[in-house]
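Please open the structure in your viewer and keep the sequence at hand. The tour below proposes one selection after another and states what is to be found at each.

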Amino acid sequence: ARPFAAQLSDAALADRVAAAVREYVHFGIFDDISISVENRAVTLSGRVTMPYKRDDIAARVKKIDGVRDLTNTVEVLPVSRFDSELRDRLARSIYGHPAFRHYASMVNPPIHIVVENGRVTLTGMVNNEVERMLAFSLAQVPGTLGVKNELKTDR
């Protein structure tokens with residue numbers, strides 16, 4: 001009989017890795033991690049606000065039964081008071097809007113707001129195209145130097 005981990009599909013392993021990232025207590029709406037799995041080799045990419053997050057998430061993923069190899073290309077966003085204040089304004093603008101309040105109350109809100117040198121990238125998942133476009137519109141707060149909308153819809 002083969003060990004359980006050897007029978008695990010890449011898709012099932014990706015689900016486990018995604019759960020480990022989501023359950024990491026310091027992973028928040030200002031961080032974004034993408035996961036790819038090929039032949040049980042996991043690649044993490046994206047951006048986080050602090051170096052310890054990159055390292056902690058990689059350590060969590062390495063411990064998952066079935067991970068054969070890990071490549072961690074997660075970048076740490078530069079420390080900037082301007083970006084930090086912009087993140088707060090964006091979060092209030094988006095999650096404070098009545099259309100998104102139900103998301104704000106979730107343990108892991110689905111809209112991620114990545115700010116780097118005043119440039120904003122929205123990632124994550126929303127219910128439909130109207131919410132996708134509304135989030136983009138709400139992200140146009142003073143101080144942004146551009147907004148890239150990478151939100152996906154589940155429809």
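A residue is called buried when its relative accessible area is under 20%, exposed when that area is over 50%, and partly exposed in between. By this rule Lys53 counts as buried, because its relative accessibility is 9%. Please bear in mind throughout that this is a predicted model.

**First stop: helix 3**

Select residues 51-62, which form helix 3. This helix has twelve residues and reaches 17 Å from its first C-alpha to its last, close to the 16 Å expected at 1.5 Å a residue. Which residues of helix 3 are buried? They are Lys53, Ile57, Ala58 and Val61. These residues cover an arc of only 135° or less, namely 130°, around the axis, which puts them on the same side of helix 3. Now display what covers them, including helix 2 (10-23), strand 1 (32-38), strand 2 (41-48) and strand 3 (69-72).

Stay in helix 3 and select Asp55. Asp55 counts as partly exposed, since its relative accessibility is 43%.

**Second stop: salt bridges**

Side chains of opposite charge can pair when their charged atoms come close. How many salt bridges does the structure hold? It holds five, and two of them are visited here.

Select Asp31 and Lys53, whose side chains meet in a salt bridge with an N to O distance of 2.8 Å. Asp31 lies in the loop between helix 2 and strand 1, and Lys53 in helix 3, so the pair ties together parts that are 22 residues apart in sequence. Asp31 is buried, with a relative accessible area of 1%.

Next, select Arg47 and Glu116, which also meet through their side chains in a salt bridge, at 3.4 Å from N to O. Arg47 belongs to strand 2 and Glu116 to strand 5, so this pair ties together parts that are 69 residues apart in sequence. Arg47 is partly exposed at 21% relative accessible area, and Glu116 is partly exposed at 25%.

**Third stop: strand 6 and helix 4**

From Arg47, move to Thr121, one of its contacts, in strand 6. Thr121 is buried, with a relative accessible area of 8%. Leaving aside neighbours within four places in sequence, the other residues in contact with Thr121 are His112, Ile113, Val114, Lys148 and Glu150.

Then select Arg87 in helix 4. Arg87 is buried yet has no salt bridge. The nearest side chain of opposite charge is that of Asp83, 4.5 Å away. Apart from neighbours within four places in sequence, Arg87 is in contact with Phe30, Thr49, Leu77 and Val115.

**Last stop: helix 6**

Select residues 129-138, which make up helix 6; the buried residues there are Glu131, Arg132, Ala135 and Leu138. They cover an arc of only 135° around the axis, which puts them on the same side of helix 6. Their cover includes helix 4 (81-95), helix 5 (101-104) and strand 5 (111-116).

At the N-terminal end of helix 6, Asn128 acts as a cap: one of its side-chain oxygens lies 3.1 Å from the backbone nitrogen of Val130. Within the helix, Glu129 forms a salt bridge with Arg132, the closest N and O atoms being 3.3 Å apart. Glu129 and Arg132 are three residues apart in helix 6, so they are separated by about one helical turn.

Finally, select Asp55 and Leu138 together: they are 83 residues apart in sequence and 32 Å apart in space, C-alpha to C-alpha.

Conventions
Residues numbered from 1 in each chain as written. Predicted model: local features only at pLDDT ≥ 70, side-chain atom pairs only at ≥ 80, totals over all residues. Heavy atoms only, no water. Buried < 20%, exposed > 50% of the residue type's maximum accessible area, 1.4 Å probe, protein only. Helix = DSSP H or I, 4+ residues; strand = E, 2+ residues; numbered from the N terminus. Arc of directions from axis to C-beta. Contact = heavy atoms within 4.5 Å. Polar contact = N/O pair within 3.5 Å; in protein donor to acceptor, adjacent residues only side chain to side chain. Lys, Arg positive; Asp, Glu negative; His and termini not counted. Salt bridge = Lys/Arg side-chain N within 4 Å of Asp/Glu carboxyl O. Expected span 1.5 Å × (residues − 1).
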